[in-house]
Every structure is written in structure tokens, then in C-alpha cells.
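Here is a walk through one protein model, written for someone new to reading structures. Keep the 3D view open and find each part as it comes up.

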Amino acid sequence: MNFKKNSWKLAGLFALVASTVALVAPTVNSQGRPTVRIDGSSTVYPITEAVAEEFQDLKKNGVRVTVGISGTGGGFKKFCKGETDISDASRPIKDKEKALCAENGIEYMAIPVAYDAITVVVNKGNTAVTDIKVEELNKIWKPESEGTVTKWSQVNSAWPDLPLVLYGPGADSGTFDYFTKKVNGKSGASRTDYTPSEDDNVLVQGVETDRRALAYFGLSYYLENQDKLKAVAINGVTPSLTTVRNGTYTPLSRPIFIYVNKNAVKRTEVSEFVTYYLQNAERLVTEVKSVPLSSADYAKSLAELEVLVGSGN
């Protein structure tokens with residue numbers, strides 16, 4: 001299915017379409033069809049979009065599934081106001097987001113769906129940089145480096161005396177939150193003189209066209225574009241499906257999630273979608289080049305979902 005493999009490359013377009021749908025049809029039906037509304041992480045997006053495509057085909061387009069990419073934080077803002085049924089998240093929900101959900105009476109189930117590795121990439125023409133230490137990433141990305149660390153050679157004297165051109169996720173991104181916490185010691189602590197985007201394809205294009213560039217984003221986007229970019233090893237370990245699974249790629253590997261509104265899952269279209277998601281996640285996660293959980297993990301979440309749906313709570 002070539003469309004499934006390539007559709008999430010158009011993530012920005014899908015986000016625009018999903019946003020437009022939200023404006024013109026805020027109810028749970030769209031053009032007479034039951035609708036499952038999803039938004040959130042660009043890292044989880046390829047998995048959810050692949051599931052959505054298959055599920056809609058299975059239902060012969062009798063159910064509409066919209067998938068946006070507002071980033072994890074942007075997705076939770078909508079989810080906790082009841083504007084979406086499911087939120088894609090590349091990090092656990094924050095306390096302030098929990099409070100917003102509670103304020104609006106939104107109860108939820110958090111479901112891990114895959115592992116991801118935040119991947120640091122450079123241009124293929126950058127032959128000098130093959131490995132980078134966490135301390136060097138900190139020197140590049142910490143807030144104090146803004147306007148002062150502006151060349152590769154300032155980070156490591158063996159690297160080129162060329163300007164650093166930085167790309168990364170925006171502040172609403174769970175990838176941004178996780179990276180800054182692990183690299184800079186505090187979630188959200190980062191220099192701001194870089195090009196941010198919630199669309200990882202923008203980051204790919206930026207690095208691909210500039211030998212001076214560096215960026216970070218989810219592993220699946222790197223694997224889909226590895227002919228255009230070079231991944232940098234972290235502390236000597238290259239990101240891959242194997243190094244994520246065996247736990248050697250640290251500290252930038254993590255679980256990623258979907259959050260499901262407990263009230264929304266009472267609707268048949270939502271419960272059937274999430275069930276299909278879990279029943280097919282291992283295969284589809286692999287297809288989009290993310291790292292699947294174990295079969296037992298998916299079975300456990302499926303059993304918990306069945307209890308939730310059966311209880312009506």
C-alpha cells in the first residue's frame with residue numbers, strides 16, 4: 001500500500017485538513033458519518049495515520065478518522081477540552097494537562113503503542129561529525145548557548161569552523177520536551193535561535209539542503225529519509241530498531257502513547273478504532289519504521305480496553 005507508506009510525508013497537509021474539519025464540523029459526525037477525532041504528536045502520527053487508513057478501508061469509509069499534528073502539547077490542549085477523542089503523545093501527560101482534563105471532566109486511558117528513539121541528524125556531506133556526546137549536545141542546545149555557541153568548532157575543536165544551523169521541534173512537541181529534559185536537565189530548557197517546526201518533514205528538508213545543519217526528531221522519520229541524511233551516534237551508539245529494543249541507545253529512547261477519552265470510547269466507532277489499533281499495532285508500527293512493543297504488551301492493553309468498554313465507565 002504505497003499511499004500508507006507515503007501519506008504521512010504530507011503531515012502538514014493532513015494537519016491543515018484536520019484543522020479545517022474541526023472548524024466546520026466540531027461534532028462527532030462528519031457529513032453524516034461517525035467521526036473519530038485525533039490530534040497530537042508528529043512522532044506518533046505515522047502509526048496512527050496508518051491505522052486510520054486501514055480502519056477506514058475496512059469500514060468502507062463508513063467511519064471518518066481525522067488525524068492532526070498539533071504536537072503533543074497542542075494535542076493535549078484539544079483533548080483536555082473535549083475537542084478530540086484520542087491524543088497522540090510522545091511523552092506522558094503533564095500535571096498541568098491532567099488538571100485541565102480534570103477541570104473539564106475528561107477521564108482517559110493512556111496506552112503505550114511503540115518505542116521511539118530521538119535521532120540526531122546532520123547533512124550527508126558532514127563527514128567530520130559521526131558521534132556526539134550528550135555533553136556536546138548540551139553545549140549546543142542549552143539556553144546559555146544562544147548567541148554564543150554559533151560554530152561547530154566551539155563544540156568540538158575537531159569539528160569544522162563553520163556556522164551551526166539548527167533545526168528542531170517546536171515548544172508544543174513532546175519530542176522537544178523529552179530531548180530538553182534529557183540533554184539540558186529541564187523540560188523546555190532550550191536555546192531559541194533555531195528553526196522550529198511541528199512538521200518533521202520541514203526539519204528533514206532543512207538538514208538535507210545545508211551541510212552546516214543539525215536537527216533532532218523521531219527515528220521513523222530518519223529511517224524513511226536515511227538516503228538524504230546521516231544519523232549521528234550518541235555516546236558511541238547509533239539509533240536503530242535493535243539498539244532501542246536492547247536498551248543500549250540512551251538516553252534518547254522512550255515509549256510513545258495514545259490517550260483515549262473514556263467517555264468517547266463508549267461510542268462504537270472509537271472503541272472499534274482503538275481495538276483495531278491494538279490488534280494491528282505490532283505490524284503497522286514496524287511498517288512505518290518505528291519500534292513495536294511486545295505482543296504481550298499489546299494484549300495487555302487490549303484486555304484493559306475491553307474491561308473499560310464492557311464496564312461502561
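## How α3 crosses α12

Where α3 and α12 cross, the crossing is right-handed. This is a predicted model, so treat everything here as read from a prediction. Two packed helices are described by the angle between their axes and the distance between the axes. For α3 (residues 45-58) and α12 (residues 268-287), the angle is about 120 degrees and the axes are 9 Å apart. That makes α3 oblique to α12, because an angle would have to be over 145 degrees to count as roughly antiparallel.

Which residues of α3 and α12 meet? On the α3 side, look for Ile-47, Thr-48, Ala-50, Val-51, Ala-52, Glu-54, Phe-55 and Leu-58. On the α12 side, their partners are Glu-269, Glu-272, Phe-273, Tyr-276, Tyr-277, Arg-283, Leu-284 and Val-285. Sorted by class, the contact has 11 nonpolar, 1 polar and 4 charged residues.

## α12 has another partner

Now follow α12 to α13 (295-311). The axes of α12 and α13 come within 10 Å of each other and cross at roughly 180 degrees. That makes α12 roughly antiparallel to α13. From α12, the contact uses Ser-271, Val-274, Thr-275, Leu-278, Gln-279, Ala-281, Glu-282 and Val-285. From α13 come Ser-295, Tyr-298, Ser-301, Leu-302, Leu-305 and Val-309. The class count here is 8 nonpolar, 5 polar and 1 charged. Val-285 turns up in the contact with α3 and again in the contact with α13.

Several of the α12 residues facing α13, including Val-274 and Leu-278, are four places apart in the chain. There's a handy rule behind that: an α-helix has 3.6 residues a turn, so residues three or four places apart point the same way.

## The disulfide

How many disulfides does a search of the whole structure find? Just 1. As a reminder, a disulfide is a covalent bond between the sulfur atoms of two cysteines. Here the cysteines are Cys-80 and Cys-101, with a sulfur-to-sulfur distance of 2.1 Å. The torsion about their S-S bond is about -70 degrees, so this disulfide is left-handed.

Cys-80 sits in the loop between α4 (71-79) and β4 (86-89), while Cys-101 belongs to helix α5 (residues 95-103), so the bond ties together parts that are 21 residues apart in sequence. Both Cys-80 and Cys-101 are buried.

## A covered helix and a buried serine

Have a look at α8 (174-184). This helix is mostly covered, with 9 of its 11 residues buried. Among them are Phe-176, Tyr-178, Phe-179 and Val-183. The buried residues of α8 pack against α4, β5 (108-123), α6 (134-141), β9 (213-218) and β12.

Ser-190 follows in the loop between α8 and β8 (195-196). Is Ser-190 buried or exposed? Its relative accessible area is 10%, so Ser-190 counts as buried. Setting aside neighbours within four places in sequence, Ser-190 touches Trp-141, Lys-142, Pro-143, Phe-176, Thr-180 and Asn-184. Three of those names, Phe-176, Thr-180 and Asn-184, also appear among the buried residues of α8.

## Loops worth a second look

The peptide bond from Thr-250 to Pro-251 is cis, with omega near 5 degrees. Pro-251 lies in the loop between α11 (241-245) and β12 (253-261).

Asn-61 and Lys-289 each have a positive phi without being glycine: near 60 degrees for Asn-61 and near 70 degrees for Lys-289. Asn-61 is in the loop between α3 and β3 (64-67), and Lys-289 is in the loop between α12 and α13. Asn-61 is partly exposed, at 43% relative accessible area, and Lys-289 is partly exposed too, at 26%.

Another loop residue is Pro-92, between β4 and α5. Pro-92 is partly exposed, at 48%. Beyond its sequence neighbours within four places, Pro-92 is in contact with Phe-257 and Tyr-259. Pro-92 and Tyr-259 are 167 residues apart in sequence, yet their C-alpha atoms are 9.2 Å apart in space.

## The whole chain

Zooming out, the chain has 13 helices and 12 strands. Of its 313 residues, 55% count as buried. Among contacts with a separation of 6 or more, 76% come from residues 24 or more positions apart.

Technical notes
Residues are numbered from 1 along each chain as its sequence is written. This is a predicted model: local features need pLDDT of at least 70, side-chain atom pairs count only at pLDDT 80 or more; totals for chains, interfaces and linings use all residues. Side-chain values use heavy atoms; hydrogens and water are left out. Axes are lines fitted to C-alpha atoms, for helices over the stretch in contact, and angles run from 0 to 180 degrees between N-to-C directions. Helices (H or I, at least four residues) and strands (E, at least two) are DSSP runs, numbered from the N terminus. Angles under 35 degrees count as roughly parallel, over 145 as roughly antiparallel, 65 to 115 as roughly perpendicular and the rest as oblique. A crossing is left-handed if the near helix is turned anticlockwise from the far one by less than a right angle, and right-handed if clockwise. Contact means heavy atoms within 4.5 Å. Ala, Val, Leu, Ile, Met, Phe, Trp, Tyr, Cys and Pro count as nonpolar, Asp, Glu, Lys and Arg as charged, and the others, Gly among them, as polar. A disulfide is a pair of cysteine sulfur atoms within 2.5 Å. Buried means under 20% relative accessible area, exposed over 50%, partly exposed in between (1.4 Å probe, protein chains only).
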